[in-house]
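Work through the exercises below with the model open. Try each task before you read its solution.

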Amino acid sequence: MTSLTFTAKFQQVTGGSHVLNSGNDIPFIGLGLSRITTVDSMEKAIEAALEAGYRLFDTAHIYENEKEIGDALKNSLPKFGLTREDIFITTKVPIINEDPAFHTKRCLKESLEKLQTDYLDLVLLHYPRDRDTGKDEEHEINKKGRQIVYQTLEEFVGKGTIRSIGVSNYEVFHLEELFKYAKVIPAVNQVEYHPYCTKPALKFFCETKGIFIQAFSSLCWGNLEILNEDAVKKAAQTHNVSPQTILYAFPLHTNVGIIPKSATPQRIHDNIKLTTQVKLSSEEIAALWDLDQNRTFCPRCYPWRCL
């Protein structure tokens, strides 16, 4: 068994960091970059993020913005005296049933070229089936695709191209299936997570296996109902911040990473500055936990249905 060297290179960044089971360090707070596609918006977002202290940038092959991110990082990093080694880049690859191994390698090659880097800090298998042509009930096809894509990613671990691999939208049964063939335990499982959907069983399972949980859709896709919950409003009033800031602070207080998305420079600054200033009490965290309804908001994202 190869021994791992654990490093905490991002320990001093705003929000702190977590050492993954791969031995690599990941910032607790990153900038989500989905739905930011124009050159101008990306340039402004990346520059504002670096200035504010973000060091993690999260994208995916299907976001179709990796080239814009690569160009923006190339232009902005020198402005702050930073290099590629000072940041953490996450991307995600899809399952494409037509030829999963071929398309995984193709996506990785394209990501490396567009992001203008010779390595990726973290690559996630984006969803437990082909999102375009797959069907939830086609278990054997989905299972085969998951295995081929994950094992293809494993080939790149330790070769310098990918430093850590993981999954996204995986339920417990998907992970149990993966453990039967995986040589590399996923470092991360990125899932929808907020007070309305705390996934306690999945979270506990991942923690026992050393898998870091990272949240997406922390603001419930703009749902206004959660902003009016007493637990959220009271915490916001106590800490003199917005309800949205409380929703970002909640995962951090439960050892879950976040990737707030914004293309607005001021909001990018506020999301990291104000969130890290909030210190929720145990009573406030418990009240937020009690809001759980196992309710999700991300469109077309129902992984528990995917066999």
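Four exercises follow, all on a predicted model.

**Exercise 1. Two sides of a helix**

Task: Sort residues of helix α7 into buried and exposed, then find what the buried ones pack against.

Solution.
- Step 1. Locate the helix: α7 spans residues 230-239.
- Step 2. Apply the cut-off: buried means under 20% relative accessible area, exposed over 50%.
- Step 3. List the buried residues. They are Ala231, Val232, Ala235 and Ala236. Their arc around the axis is only 130°, so they sit on the same side of α7.
- Step 4. Turn to the other side of α7. Here Lys234, Gln237 and Thr238 are exposed.
- Step 5. Find the packing partners. The buried residues of α7 pack against α8 (243-252) and α10 (282-289).
- Step 6. Check what follows the helix. Asparagine 240 comes after α7, and its phi is positive, near 55°.

**Exercise 2. An annotated tyrosine**

Task: Find the residue that UniProt lists for "active site", and place it in the fold.

Solution.
- Step 1. Read the record. The unreviewed UniProt entry lists Tyr63 under "active site".
- Step 2. Place the residue. Tyrosine 63 is in the loop that runs between β4 (56-58) and α2 (66-76).
- Step 3. Collect contacts, leaving out residues up to four places away in sequence. Tyrosine 63 then touches Leu33, Ser34, Thr37, Asp58, Lys92 and His126.

**Exercise 3. A serine in α2**

Task: Is serine 76 buried or exposed? Which residues is serine 76 in contact with, beyond its neighbours within four places in sequence?

Solution.
- Step 1. Assign the element: serine 76 belongs to helix α2.
- Step 2. Take the relative accessible area of serine 76, which is 0%. The cut-off for buried is under 20%, so serine 76 counts as buried.
- Step 3. Set aside neighbours within four places in sequence. The contacts of serine 76 are then Glu43, Ile46, Glu47 and Leu50.

**Exercise 4. The largest pocket**

Task: Describe the largest pocket by volume, lining and residue classes.

Solution.
- Step 1. Get the volume: the largest pocket holds about 1200 Å³ of space.
- Step 2. Count the lining. There are 42 residues. Nearest the centre lie Ser34, Arg35, Ser217, Trp221 and Lys261.
- Step 3. Assign elements. At least two lining residues come from each of β9 (212-216), α8 and α9 (265-277). The most come from α9, with 4 residues.
- Step 4. Split by class. The lining has 18 nonpolar, 14 polar and 10 charged residues.
- Step 5. Link back to Exercise 2. Ser34 is among the residues nearest the pocket centre, and tyrosine 63 touches Ser34.

Technical notes:
Residues are numbered from 1 along each chain as its sequence is written. This is a predicted model: local features need pLDDT of at least 70, side-chain atom pairs count only at pLDDT 80 or more; totals for chains, interfaces and linings use all residues. Side-chain values use heavy atoms; hydrogens and water are left out. Buried means under 20% relative accessible area, exposed over 50%, partly exposed in between (1.4 Å probe, protein chains only). The arc is that of the directions from the helix axis to the C-beta atoms. Contact means heavy atoms within 4.5 Å. UniProt positions are given in the numbering used here, feature names are shortened, and annotations may be inferred rather than shown by experiment. On a 1 Å grid over the protein atoms alone, a cavity is a set of points where a 1.4 Å probe fits but cannot get out, and a pocket is an open set with protein on both sides within 12 Å along at least five of seven lines; lining residues have an atom within 4 Å of a point. Grid points are joined across faces, edges and corners, and a volume is the space filled by probe spheres set on the points. Ala, Val, Leu, Ile, Met, Phe, Trp, Tyr, Cys and Pro count as nonpolar, Asp, Glu, Lys and Arg as charged, and the others, Gly among them, as polar.
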